[in-house]
Protein chains: 2
Amino acid sequence: MARVSMEGAGEYFHHYPRVAIIITVHAGDRDNAMAAAWHCPLSFTPPLYGVAISPKRFTHDLIVEAGEFGINFVPVEKAELIASVGGSSGREVDKFHRFDIAREKPLKTSAPLLRDAYASYECKLVEHKTYGDHVWFVGEVVASHFDEDVFTPEQTLDLERVAPALYLGAELYTMPAKDAIRHLDRKVYGKR
Amino acid sequence: MARVSMEGAGEYFHHYPRVAIIITVHAGDRDNAMAAAWHCPLSFTPPLYGVAISPKRFTHDLIVEAGEFGINFVPVEKAELIASVGGSSGREVDKFHRFDIAREKPLKTSAPLLRDAYASYECKLVEHKTYGDHVWFVGEVVASHFDEDVFTPEQTLDLERVAPALYLGAELYTMPAKDAIRHLDRKVYGKR
């Protein structure tokens with residue numbers, strides 16, 4: 001192992017891969033969508049979800065205005081859509097029109113949901129807070145939508161039926177390996 | 001597609017897989033380690049990283065006491081170690097001793113780093129804040145350590161050389177597929 005130790009975080013790509021998602025928002029009379037990889041669940045009860053968005057992004061302003069947003073998990077076969085919404089700005093183009101994005105109706109918010117998503121969350125904004133060069137948006141998941149065919153009885157993703165889009169950084173995408181799944185019960189290993 | 005729409009977040013497993021990490025901390029005269037999957041980068045400048053930890057965890061108390069912590073990315077071949085530290089409590093056992101965990105010396109903090117990790121961050125606690133049933137710890141990455149052999153010249157993970165541990169929920173682990181990588185340049189797709 002060629003171990004490097006340095007002050008600071010360097011290129012800061014070590015934490016990838018991460019599931020790439022599409023954030024959606026409706027504000028005023030317009031819908032917008034952006035790509036994000038810096039996102040995380042924060043609590044089960046209530047269900048809270050966080051996403052880091054640069055304040056330079058148009059979506060930042062729209063979420064502040066709307067007070068709600070959608071989180072959409074799309075399969076890797078649709079990774080081109082992630083790259084498309086990630087490489088364009090809603091200030092210049094109507095992304096839903098340009099990229100012919102099909103919508104599903106939300107249940108509890110105004111956030112447009114993606115028909116191509118295998119799961120979506122509708123979030124009510126709880127707070128937003130600046131951390132360094134990004135703003136951390138925390139939403140309560142007030143409604144969820146998912147394709148029950150792609151989840152196992154234990155509610156985990158069935159990788160035989162769906163391939164999430166994993167972002168590696170540097171415009172590279174892959175998926176989880178479906179032939180390498182191992183069951184390692186913490187209750188057993190914790191007693192070793 | 002058998003689409004289900006419901007209020008709330010349901011089982012809240014839709015957002016997996018996530019890279020499983022090992023959080024380390026030194027407080028008083030002891031070291032501890034725990035497993036975590038709810039973690040996220042928050043900012044490039046300064047480099048900030050967040051992790052959600054239940055206040056019931058011993059590590060929660062130790063990080064508050066120490067004011068610093070380590071984040072360790074271990075390969076899927078060591079996923080048993082993740083399950084082991086995830087299934088035991090530092091209140092009852094010295095995990096470093098019990099699971100024979102090899103340490104590397106930190107550069108800027110007291111946090112023990114894992115020799116088995118292909119990358120580690122040393123974090124100084126910036127703040128911690130309760131969101132629902134978890135506490136969100138935000139740290140500034142003051143030092144980083146990584147095996148430069150497992151990163152490409154673009155600083156992304158070289159999946160031919162390292163397999164990160166992806167947690168699917170329900171005690172299931174897999175790795176990213178190394179034969180399914182696609183390059184989708186947002187600058188190109190954003191102009192479609």
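Biologist: How many residues of chain A are in contact with chain B?

Modeller: This is a predicted model, in which local features need pLDDT of at least 70 and side-chain atom pairs count only at pLDDT 80 or more, while totals for chains, interfaces and linings use all residues; side-chain values use heavy atoms, without hydrogens and water. Residues are numbered from 1 along each chain as its sequence is written, and chains are lettered from A in the order in which they are written. Contact means heavy atoms within 4.5 Å. By that criterion, 102 residues of chain B are touched, and the number in chain A is 102.

Biologist: What is the area buried between chain A and chain B?

Modeller: The size of an interface is often given as the accessible area lost when the parts come together. Here buried area is the accessible area (1.4 Å probe) that two parts lose on being put together, summed over both. Carbon and sulfur atoms give 58% of the area between chain A and chain B, and the total is about 9300 Å².

Biologist: Which rotation superposes chain A on chain B?

Modeller: Copies are superposed by least squares on the C-alpha atoms of residues with pLDDT of at least 70 in both. The RMSD is 0.0 Å, with 0.0 Å of shift along the axis, and the rotation is 180 degrees. The two copies are thus related as by a two-fold rotation axis. The same surface serves both copies, the share of contact residues of chain A that recur in chain B being 100%. The rotation asked for is therefore one of 180 degrees, as by a two-fold axis.

Biologist: How many salt bridges cross the interface of chain A and chain B?

Modeller: A salt bridge is a side-chain nitrogen of Lys or Arg within 4 Å of a carboxyl oxygen of Asp or Glu. One example joins Glu127(B) to Lys129(A), with the closest N and O atoms 3.3 Å apart. Across the interface of chain A and chain B, the count is 10.

Biologist: Why is the sulfur of Cys40(A) not in a bond with the sulfur of Cys40(B)?

Modeller: A disulfide is a pair of cysteine sulfur atoms within 2.5 Å, and the count over all chains is zero. Cys40(A) is buried, at 0% relative accessibility, where buried means under 20% relative accessible area, exposed over 50% and partly exposed in between (1.4 Å probe, protein chains only). The closest cysteine sulfur to that of Cys40(A) is in Cys40(B), and it is too far for a bond, at 5.5 Å.

Biologist: Which cysteine holds the sulfur closest to that of Cys123(B)?

Modeller: Cys123(B) is buried, with a relative accessible area of 0%. The closest cysteine sulfur is 13 Å away, too far for a bond, and belongs to Cys40(B).

Biologist: Which strand of chain B pairs with S11(A)?

Modeller: Helices (H or I, at least four residues) and strands (E, at least two) are DSSP runs, numbered from the N terminus, and two strands pair if DSSP finds at least two bridges between them. Within chain A, S11(A) pairs in the antiparallel sense with S10(A) over 12 bridges and with S6(A) over six bridges. Phe146(A) stands opposite Val4(B). Across the chains, the antiparallel partner of S11(A), over five bridges, is strand S1 (residues 3–7) of chain B.

Biologist: How many of the 14 residues of S11(A) are buried?

Modeller: Opposite residues in S11(A) include Trp136(A), which faces Ala52(A), and Ala143(A), which faces Glu122(A). The strand is mostly covered, and the number of buried residues is 13.

Biologist: Which strands stand at the edges of the open sheet that includes S12(A)?

Modeller: Four strands form this antiparallel sheet, in the order S2(A)-S12(A)-S13(A)-S14(B). S13(A) (residues 172–174) and S14(B) pair over two bridges, with Leu172(A) opposite His183(B). Each edge strand has a single partner strand, so one side of each is left without a neighbour in the sheet; these strands are S2 (18–19) of chain A and S14 (182–183) of chain B.

Biologist: Is Ser54(A) buried or exposed?

Modeller: Ser54(A) lies in the loop between strand S6 (48–53) and helix H1 (58–66) of chain A. Not counting residues up to four places away in sequence, Ser54(A) touches His60(A), Asp133(A) and His134(A). With a relative accessible area of 15%, Ser54(A) is buried.
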